[in-house]
Amino acid sequence: MNKGLLVVVSAPSGCGKDTVVSKILDIMKEDAFLSVSMTTRQMRPGETDGVNYHFISAEEFNRNILEGEMLEYAQYGDNFYGTPISPVKKNLEEGKTVFLIIEVEGGGNVKKIFPEAKKIFIIPPSLEVLESRLRGRATDSDEAIRARLRIAETELQRAYEYDYIVENDVLDNAVSDVMSIIRAEQLRINNMQNKLREVINNA
Ligand code: 5GP
C-alpha cells in the first residue's frame, strides 16, 4: 500500500479552517485522519479532552518534547501547542490522508521531518470580510478583534511559505478546492508507482 499524504492546514482565526477540514473528513471518512494536538491552554466551554485537544500541563508538554513525541510544537499567545508524532506516523503507514490544523510557526517545521508534506493556507476574500466575520461570530471585545486582525495580517505574510492557497469565500468551493489538491497529490507519479507496476507486470 502507498503511504498516506500529510496535509498541513493553516489560516488566520476566522477563516474557517476547522469547518473546511471537518467537511473534508465527512467526505473522506475512514480514508482521512485529523491529528489531535496537545496544548497547555485551558479547555473552553464545549470542548472535550481527547477530542478537540489533549489538554496537558506544561510539565507534561515538556516531557513529550524531551521524549521526542512531538512532530512540531509552537507557542501561540501564552500557550503551547504540539502535534504528537506517533498517531501521524501510524495513520500515514495505513495509507490515510492526515490533516494537521496548526499555526504558521509549527507549519514551517513539519517539512523538516516530513519533506513530502503538503501545506495549504486558507485565506479570507479580504481583511474587511474577515473583520465582519470576527465581529459577527463572537463575543470578543473590540480590542480582542483588533488584536486578531493584527495577528491575521502577520500570518498572511507567511502564506508565501505554503504550497497552495485556498480562498474561503463560499465554503463548498473551498472544500472542493482542497479535495482537488488532495486528489492531484494522490495521483502524482511518486504515489502511483505501485499501481503502475501492478498494471505493467500483469500485462
Ligand atoms: P486555539 O487556541 O484557538 O484552539 O488555537 C490557536 C492556534 O494554535 C490555531 O492557529 C491552531 O491552528 C494552532 N494549533 C493547534 N494545534 C496546534 C499544534 O499542534 N501545533 C501548532 N504549531 N499549532 C497548533
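A polar contact here is a pair of N or O atoms within 3.5 Å; within protein, one must be able to donate a hydrogen and the other to accept it, and residues adjacent in sequence count only if both atoms are side-chain atoms. The model is predicted, so that local features need pLDDT of at least 70 and side-chain atom pairs count only at pLDDT 80 or more, whereas totals for chains, interfaces and linings use all residues. Residues are numbered from 1 along each chain as its sequence is written, and side-chain values use heavy atoms, with hydrogens and water left out.

**Exercise 1.** Find which atoms of Arg-41, Tyr-81 and Gly-82 approach the ligand.

*Solution.* Begin with the side chains: a polar atom of Arg-41 lies 2.7 Å from a ligand oxygen atom, and one of Tyr-81 lies 2.5 Å from a ligand oxygen atom. Turn next to Gly-82, where a backbone N or O atom lies 3.1 Å from an oxygen atom of the ligand. Finally, consider the cover: the ligand taken alone exposes 520 Å², of which the protein buries 88% (Shrake-Rupley areas, 1.4 Å probe; for residues, only the protein chains shown count as cover).

**Exercise 2.** Determine how the side chains of strand E1 are arranged.

*Solution.* Locate E1 at residues 6–10 (strands are DSSP runs of at least two residues, numbered from the N terminus). Five of its five residues are buried, meaning under 20% relative accessible area with a 1.4 Å probe, protein chains only. Leu-6, Val-8 and Ser-10 point one way, while Val-7 and Val-9 point the other. In a regular strand the side chains alternate between the two faces of the sheet.

Notes
Buried < 20%, exposed > 50% of the residue type's maximum accessible area, 1.4 Å probe, protein only. Helix = DSSP H or I, 4+ residues; strand = E, 2+ residues; numbered from the N terminus.
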